[in-house]
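Hi everyone, thanks for coming. Please have a look at what I am putting on the screen, and then I will walk you through some parts of it.

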Amino acid sequence: VTALLLALVGLAAGVLGALMGVGGGVIVVPALSAIVGLPFRHAVAVSLVVIIASSSASAAAYVGKRVADVKVGVVLELATVAGAVAGSTLAVIVPVGALKLAFSALAIYSAGMLWVRRNHATEEASAGAYEVRRWPLGLGASAVAGAVSGLLGVGGGLFKVPAMTLGMGLPFKVAAATSNFMIGVTAAASAYVYYARGELDVDVAAPVVVGVFLGARLGSSLLVHLPARRLQSAFAALLLFLGGRMAWEVLGAIR
Amino acid sequence: VFVTPPLRLAVTATAFYRDGDPRHGLAATAVLAGLLAAAVAAAL
């Protein structure tokens with residue numbers, strides 16, 4: 001029963017990840033704590049493996065359908081890797097609470113901007129049919145995503161998708177697909193570290209990964225059919241929820 | 001699962017070089033090198 005529940009959690013994470021360009025860790029980490037009482041760091045380790053699985057399953061579909069912009073993805077990933085190295089180094093200097101507050105402020109701002117601009121969302125879902133602009137902004141956001149990934153063990157899609165959509169001019173569906181292509185690589189670097197430390201519980205990860213593969217394949221087939229305006233609004237709501245929850249946690253801990 | 005990200009990058013880099021796009025091929029190769037370095041550092 002537990003394995004089936006874990007597979008269902010993976011299925012939900014896979015669908016969400018494929019549609020939004022995030023890894024699904026936002027579902028996996030709290031669910032694992034609730035279902036099997038996994039400690040936070042062990043849950044993050046499973047979450048990183050889930051991000052890789054989600055990325056692998058959906059990226060294969062998106063690259064094949066030419067929805068993901070691989071050229072933009074590999075260039076931004078350079079900044080992400082540099083950011084991840086810097087993040088790992090900074091982890092001992094910068095207080096995690098300050099980083100979480102900065103993350104929540106940025107998430108809430110991005111949610112507002114995505115919501116305001118939701119009516120401008122285009123249904124375009126093929127890579128290259130637009131002009132890519134503001135590379136420095138995209139590279140900067142990718143570096144921040146990498147640093148946060150190194151510090152908090154997430155894929156960084158929550159930074160990449162708004163930067164590509166709001167800053168660089170990529171249509172939402174292309175940004176989500178490109179983010180999916182990238183986050184598996186970003187998460188892999190951190191996942192190796194968790195695995196080497198012995199914090200990855202393979203018995204828990206296996207059923208979740210099976211669910212994620214199925215969910216990501218389902219989500220990637222749905223993306224091109226769902227209206228971009230709805231997807232962008234849903235992503236804004238997700239950002240608002242996560243940003244608000246993180247700010248609440250940090251401010252609650254201070255009080 | 002652990003092998004797919006570096007494999008994906010290797011395939012991407014090869015495809016860029018084959019299609020006559022060495023700049024993006026180099027970018028994919030550099031990301032692959034960074035990822036492999038992270039894996040080696042974790043193993044050590």
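In helix α9 of chain A, the buried residues are A:V204, A:A205, A:P207, A:V208, A:V209, A:G211, A:V212, A:G215, A:A216, A:G219, A:S220 and A:L223. Buried here means under 20% relative accessible area, exposed means over 50%, and partly exposed lies in between, with a 1.4 Å probe and protein chains only. Helices (H or I, at least four residues) and strands (E, at least two) are DSSP runs, numbered from the N terminus.

Before I go further, a word on what you are looking at: this is a predicted model, where local features need pLDDT of at least 70 and side-chain atom pairs count only at pLDDT 80 or more, while totals for chains, interfaces and linings use all residues. Residues are numbered from 1 along each chain as its sequence is written, chains are lettered from A and ligands numbered from 1 in the order in which they are written, and side-chain values use heavy atoms, with hydrogens and water left out.

Back to α9 of chain A, which runs over residues 202-223. How far should its 22 residues span at 1.5 Å a residue? The expected span (1.5 Å times one less than the number of residues) is 32 Å, and the end C-alpha atoms are 30 Å apart, which agrees. At the N-terminal end, A:D201 acts as a cap, with a side-chain oxygen 3.3 Å from the backbone nitrogen of A:D203. That is a polar contact: a pair of N or O atoms within 3.5 Å; within protein, one must be able to donate a hydrogen and the other to accept it, and residues adjacent in sequence count only if both atoms are side-chain atoms.

There is another such contact in helix α6 of chain A (residues 135-152), where A:S142 is found. A polar atom of the A:S142 side chain lies 2.9 Å from the backbone oxygen of A:G138. A:S142 counts as buried because its relative accessibility is 2%.

Now for the charged pairs. How many salt bridges does a search of the whole structure find? Four, over all chains, where a salt bridge is a side-chain nitrogen of Lys or Arg within 4 Å of a carboxyl oxygen of Asp or Glu. One of them joins A:K71 to B:D21, at 3.5 Å from N to O. This pair crosses between chains: A:K71 sits in helix α4 of chain A (residues 70-90), and B:D21 in the loop between α1 (4-18) and α2 (22-43) of chain B. A:K71 is partly exposed at 41%, whereas B:D21 is buried at 14%.

Within chain A, A:R197 and A:E199 form a salt bridge, their closest N and O atoms being 3.3 Å apart. A:E199 is buried at 13%, and A:R197 is partly exposed at 47%. In chain B, B:R18 pairs with B:D19 at 3.8 Å, and both of these residues are exposed.

Let me finish with chain B. It has two helices and zero strands, and 36% of its 44 residues are buried. α1 and α2 of chain B pack at about 160 degrees, with their axes 8 Å apart. Axes are lines fitted to C-alpha atoms, for helices over the stretch in contact, and angles run from 0 to 180 degrees between N-to-C directions. So α1 is roughly antiparallel to α2 in chain B; under 35 degrees counts as roughly parallel, over 145 as roughly antiparallel, 65 to 115 as roughly perpendicular and the rest as oblique.
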